[in-house]
Amino acid sequence: MIDRMREVFTAIQAWIFEAAVQPVMFSLGLMAYAEDAYEGLGMAMVGVIEIAVLVALFKPLEAWRPVEQWAEKRAVRTDVIYTWLNRLGVLPLAIFLLLVIPVNELEIWLRMHGIVRPNIEDVMPWIERNSIGAFLIYLLLLDFVEYWVHRGQHQLNWWWALHSLHHSQRQMTFWADDRNHLLDDVITSAAVAVAALIIGVPSGQFFLIIIAGRMIESLSHANARVSFGWLGERLLVSPKFHRAHHAIGVGHEGAYRGCNFAVLFPLWDIVFRTANFQSAYEPTGIRDQLQGRDYGIGFWRQQWLGLVRLKASFRGAS
Amino acid sequence: MFNKIKYLRNFAVIALLAVANVWAQQAQQGVAFVLNSNDDTMSLIDTRTYKEISRERVGREPHHVMLTPDGKSLIVGSVQSHDLMFYDPVTGKFQKRIDKIIDPYQLAFSHDRKWFVTAALALDRVDIYSADDYKLVKRIVTRSGPSHLVFSTDNRHVFVTLQHTNNIAIIDLIDQKLVATVPVGKQPAGIWITPDDKHVLVGVMGEDFVAVVDWRARKVVQRIRTGAGAHNFIPMGDRKRILVTNRAANTVSIIDMDTFKVLETFRVPGGPDCMELTADGKELWVTSRWIQKVTVIDMDTKKIKTQIPVGRSPHGIFFNHHAPRF
Ligand SMILES: [Zn+2]
Ligand SMILES: [Zn+2]
């Protein structure tokens, strides 16, 4: 069944690539990047399927056990745009083009100075060719990095000026996962890319698990009363767990300027004592929104106001 | 009674040995290695049944394979995990791993077995290792995108395509330095040398020809039109003909290395990349990257004999009973 689906997927991917993408790359003199384009096309196709699955699974879930109900949903529609831009690969591609040269330069510099990243396979020989073990360790390490990046987003005023856009959604649904300031996307991608350069990247054969990870991240923003149970809540980030991170007065305004920073594994919140398993299903947003602060409803207004806040943060205002 | 058991046991042992022997001989004829560069795996395929026997994890992002000069190991180079993995070229059994080999995109041994050279496509350098112990001897910075490499017959020079900067680099192995770059056309990829040592052939992927370089004069002397996306080579073992894949045109061309004429061009679908030809010249195995298959061509009819599904973005391919490489 899965083999059959993969076969159909590959046939379509190859057909689109040979009919539309490769001829363009050839005429533009970009054949050296044909493999990357082929992969990018695959990712975009996966993105479309992902969005279909998100809608098919989480729409009914949100209808079944909603935390909140709204009459006007314009705010949610903007999040839909963010999601499409991300999953179709428009944003990832732009960020990749922006980062590929500096990251490559950094890699060359490290090599020239004799700094060679230790592979997990070098440190733990037993893991050599044990793919699942190596993959899980990479996933945990990258999640660890994302945990600290996320803490930085809340701790540093200039970074919060950008990240607050993600938190300004008071109508939080599964679409909200990709709602970020573009500059914030660039910075977090750069941080993760550098981390990946140092600790390595998990094996490409696990893209299904990586997609599952993205599904968990979308689910964690769903407008749904869903908890994974006592043990499950501690193993994987749930809608209940991440809602506490977005909750007014509990999340950013709480101790450590936030709780429940983890992206996939609550383990890191438990280890660094930032976990909050108590909070129930509170309203989401940022406290100053209650006093009328505007974070924008439409895409461009949100991006612009983010830059305005960033500028103000450098002058010492919060 | 005791004797009878002993006799039976001996008989069983002999029978087993005979079976094992036959099996070993068949295995010798029998395993093709295919690197799935985006899955980090290697497919082992039975060349008689055309069935995938197993799929094993190798390093991260493997691209090319190379046989050691003693023929005892097949090396898989992986660019993301910066390592070489060694396998038995007949059975596919894992032997060992060498780490800290930086970005070994393409790899080759000099004919005198002295040097092991790698082209680092992502990091813009060519690394020269001692072939005995794989210790780095010299690192040569090149212009962007060193991709494929080949040695001159006397082992004095190594020629490297520079995929992002449209040149080939000529490196002197005695002085261990870059001596020249020769412009050849957009995005040069595969490279080979003619048996008379006079010309270097370059698959010019961004265009539709193979460039013939008089490497001593350091210039392109002829362009052989083969098809869009001319890519990689494999000689046919008769010191005369060589095959080239045309990636965008989805074809393979046969070139006469004496006259530099295209003898024949035939269809191979799915973005043909690396090739392997059986010693009897009857079957051509090609990795079809975009459709994630190995395409087997019947060389009598030039038609597709079968296609074998493998992993994502299949690239390097090898089997032991291949046509001689000159
Ligand atoms: Zn946050
Ligand atoms: Zn969130």
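## A tour of two zinc sites

Start with the zinc ion (ligand 2): its four donor atoms subtend angles of 86 to 171 degrees, which makes the arrangement irregular. Four donors would count as tetrahedral only if all angles lay between 85 and 135 degrees. Keep in mind as you click around that this is a predicted model.

Next, show the side chains around that ion. You'll find A:His166, A:His221, A:His242 and A:His246, each donating through NE2, at 2.1 to 2.2 Å from the zinc ion (ligand 2). Along the chain, these donors follow the spacing H-x54-H-x20-H-x3-H.

Now pick out two of them. A:His221 sits in the loop between α9 (207-219) and α10 (229-235) of chain A, while A:His242 belongs to helix α11 of chain A, so the pair ties together parts that are 21 residues apart in sequence. Are A:His221 and A:His242 buried or exposed? Both are buried.

Hop over to the other metal: the zinc ion (ligand 1) is 5.4 Å from the zinc ion (ligand 2). Select A:His150, A:His154, A:His163, A:His167 and A:His245; these coordinate the zinc ion (ligand 1) through NE2, at 2.1 to 2.2 Å. Their spacing in sequence reads H-x3-H-x8-H-x3-H-x77-H.

For the last stop, colour A:His167 and A:His245. A:His167 is in helix α7 (residues 157-167) of chain A and A:His245 is in helix α11 (residues 239-246) of chain A. The pair links distant parts of the chain, 78 residues apart. Switch on a surface for the protein and check this pair too: A:His167 and A:His245 are both buried.

Key: Residues numbered from 1 in each chain as written. Chains lettered and ligands numbered in written order. Predicted model: local features only at pLDDT ≥ 70, side-chain atom pairs only at ≥ 80, totals over all residues. Heavy atoms only, no water. Donors = N, O, S within 2.8 Å, 3.2 Å for Na, K, Ca; no water. Helix = DSSP H or I, 4+ residues; strand = E, 2+ residues; numbered from the N terminus. Buried < 20%, exposed > 50% of the residue type's maximum accessible area, 1.4 Å probe, protein only. Tetrahedral: all angles 85-135°; square planar, octahedral: opposite > 155°, others 65-115°.
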